[in-house]
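Biologist: I should like a close look at a single part of this model, followed outward into its surroundings. Please begin with the pocket and explain what lines it.

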Amino acid sequence: MSFYLFLIAAAICFLSAGVHGIWGRGVYLGFIAKTNLPSREKTISAVSWDVFTIMLLVSGGSLGFVAFNAHAIWMAYPIMLINLMGAAVFFAMMAMGRKELIALPGAYLMSAIGVLTLFAI
């Protein structure tokens with residue numbers, strides 16, 4: 001069962017990375033370009049977006065590796081923690097009044113990855 005849970009979590013990571021890194025990046029950078037932020041802040045914002053996409057790719061690869069190599073189970077713990085903690089940040093911000101986050105998939109996808117990884121471990 002753990003094998004399949006790890007693979008499902010990895011698939012969610014890869015699909016999320018694709019949507020986040022291609023479609024989401026274009027939408028996000030379009031919004032950022034229309035702001036009056038200085039160039040440096042726009043660049044930092046784009047880097048943060050891309051770093052999160054990379055985190056999703058590395059997480060997916062790591063979870064896939066763990067699925068096929070049970071002796072590497074220790075690799076799954078940080079992935080589980082970063083996703084559960086990231087989801088907690090999203091939900092805390094929603095609770096503090098940032099209702100626009102409810103419509104975005106980040107909290108739900110990070111929760112799914114974290115919980116699936118927890119159950120697989």
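Modeller: The account below starts with the largest pocket and then turns to the helices around it.

The model is a predicted one. The largest pocket holds about 720 Å³ of space. Its lining consists of 21 residues, and those nearest the centre of the pocket are His 20, Trp 49, Leu 104, Pro 105 and Gly 106. By class, 15 of the lining residues are nonpolar and 6 are polar, while no charged residue takes part. Helix H1 contributes the most to this lining, with 8 residues. At least two residues of the lining come from each of H1, helix H2 (39–68) and helix H4 (106–120).

The wider frame may be given briefly. The protein has 4 helices and 0 strands, and along the sequence the pattern reads α-α-α-α. The C-alpha trace spans about 50 × 25 × 20 Å along its principal axes. Of the 121 residues in the protein, 35% are buried.

Helix H1 covers residues 2–33, and it deserves attention beyond the pocket. A nonpolar patch on the surface is formed by Val 19, Ile 22, Trp 23, Val 27 and Phe 31, which together have about 580 Å² of accessible area. One member of this patch, Val 19, lies in H1. Val 19 has a relative accessible area of 49%, so it counts as partly exposed; the cut-off for exposed is over 50%.

Helix H1 also carries one side of a salt bridge. Arg 25 pairs with Asp 50, and their closest N and O atoms are 2.7 Å apart. Because Arg 25 belongs to helix H1 and Asp 50 to helix H2, the pair ties together parts that are 25 residues apart in sequence. Both partners are partly exposed: Arg 25 has a relative accessibility of 30%, and Asp 50 has one of 23%.

A search of the whole structure finds 2 salt bridges. Besides the pair just described, the side chains of Arg 40 and Glu 41 meet in a salt bridge, at 3.0 Å from N to O. Here the two partners fall into separate classes of accessibility. Arg 40 counts as exposed at 59%, whereas Glu 41, at 26%, counts as partly exposed.

Helix H2 offers a further point of reference in Val 51. Val 51 is partly exposed, its relative accessible area being 48%. From Val 51 to Glu 100 the separation is 49 residues in sequence and 22 Å in space, C-alpha to C-alpha.

Helix H3 remains to be placed, and Phe 90 serves for this purpose. Helix H3 comprises residues 76–95, and Phe 90 is found in it. With a relative accessible area of 23%, Phe 90 is partly exposed. The C-alpha atom of Phe 90 is separated by 7.4 Å from that of Gly 106, and the two residues are 16 apart along the chain. Gly 106 leads back to the starting point, as one of the residues nearest the centre of the largest pocket.

In summary, the largest pocket has a lining of 15 nonpolar and 6 polar residues with no charged ones, to which H1 gives the most. The salt bridge between Arg 25 and Asp 50 joins H1 to H2, and both of these helices supply at least two residues of that lining.

Terms used: Residues numbered from 1 in each chain as written. Predicted model: local features only at pLDDT ≥ 70, side-chain atom pairs only at ≥ 80, totals over all residues. Heavy atoms only, no water. Patch = residues over 30% accessible without salt bridge, like charges linked within 9 Å, V, L, I, M, F, W, Y side chains within 5 Å. Areas by Shrake-Rupley, 256 points an atom, 1.4 Å probe, with all protein chains shown as cover. Salt bridge = Lys/Arg side-chain N within 4 Å of Asp/Glu carboxyl O. Buried < 20%, exposed > 50% of the residue type's maximum accessible area, 1.4 Å probe, protein only. 1 Å grid on protein atoms, 1.4 Å probe; cavity = no way out; pocket = protein on both sides within 12 Å on 5 of 7 lines; lining within 4 Å. Points joined across faces, edges and corners; volume = space filled by probe spheres on them. Nonpolar A, V, L, I, M, F, W, Y, C, P; charged D, E, K, R; others polar.
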